[in-house]
Amino acid sequence: MNNSITLTGSVDIVKEFFEYAVNNILYLREIYPEEEFDITKRYGLQIRLAKDRQLVTFINKVLNQLTHWLTSGEAKKLVLVIIDANTKVIRERWNFDIETDLSTKVSSKSEETIVAEIRQIARQISSSVTYLPILSCPCIFDVLMYTAKDTTTPSTWEESGPSYVADAQQVRLRSFDTEIHQVQPMVAYSVSK
């Protein structure tokens, strides 16, 4: 059986990781109520997926554009920010650095090894609720994409600031690597009330 991962396969793996990561973070940080998520099994874990139509549409729009930028090597970073809905203060910044090596045509790394790496990150995201402060205020979220400087941005997307957390604590999570794409997650969070 051929277990080779090409650029297209690597893009699919990274896109799927982001789908599950964004959904799980929104669930775990209670940005949407529990009943707005279905449970699915992936990476040997129970993962939450949104069922709210508007949320699913928004996430799919982000993932479709991400697919294009991953394929061209223009995606540099995906950031999920959690924002206090009342004060607009950034409470958390989930940062996913992306490195792309388009010179690698076929990965020699097995999909099982990559899935094991992703499983460890998914577990770290799930366990983050043990050290992240409770979000006692209503919160909203946004997704930011960082790309190469000469990247054409769709007209429906808007430029924004970096959305940093003031006086942040940071926790770097494990990374995963397909040999074509490497993703390095980190969460920054506010410890002030």
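Strand 7 is the biggest contributor to the lining of the largest pocket in this predicted model, handing over six residues. The strand runs from 139 to 147, and helix 2 joins it as the other element that gives two or more residues to that lining. In total, 21 residues line the pocket, and its volume comes to about 550 Å³. Right in the middle of things are M145, W157, E158, E159 and S160, the lining residues that lie nearest the pocket's centre. As for chemistry, the lining of the largest pocket is a real mix: ten residues are nonpolar, six are polar and five are charged.

Now for the enclosed spaces. Rolling a probe the size of a water molecule over the atoms shows where empty space is left. When the whole structure is searched this way, two cavities of 30 Å³ or more turn up.

The largest cavity has a volume of about 60 Å³. What lines it? The residues around the largest cavity are F17, Y20, A21, N24, Y43, I47, A122 and I125. Helix 1, spanning 7–28, provides the largest share of this lining, with four residues. Helix 3, spanning 111–127, also supplies at least two. Sorted by type, the lining of the largest cavity holds seven nonpolar residues and one polar residue, with no charged ones at all.

The second largest cavity has a volume of about 40 Å³. Its lining is made up of F18, V22, F58, I59, V62, L63, L78 and V143. Which helix gives the most here? For the second largest cavity that is helix 2, with four residues. Helix 2 covers 53–72, and both this helix and helix 1 supply at least two residues of the lining. Every bit of this wall is nonpolar: the count for the second largest cavity is eight nonpolar residues, no polar ones and no charged ones.

Put side by side, the linings show how a couple of helices crop up again and again. Helix 1 supplies at least two residues to the lining of the largest cavity and at least two to that of the second largest cavity. Helix 2, for its part, gives the most to the lining of the second largest cavity and also gives two or more residues to the lining of the largest pocket. Charge tells its own story: the lining of the largest pocket has five charged residues, whereas the lining of the largest cavity has none, and neither does the lining of the second largest cavity.

Definitions and conventions:
Residues are numbered from 1 along each chain as its sequence is written. This is a predicted model: local features need pLDDT of at least 70, side-chain atom pairs count only at pLDDT 80 or more; totals for chains, interfaces and linings use all residues. Side-chain values use heavy atoms; hydrogens and water are left out. On a 1 Å grid over the protein atoms alone, a cavity is a set of points where a 1.4 Å probe fits but cannot get out, and a pocket is an open set with protein on both sides within 12 Å along at least five of seven lines; lining residues have an atom within 4 Å of a point. Grid points are joined across faces, edges and corners, and a volume is the space filled by probe spheres set on the points. Ala, Val, Leu, Ile, Met, Phe, Trp, Tyr, Cys and Pro count as nonpolar, Asp, Glu, Lys and Arg as charged, and the others, Gly among them, as polar.
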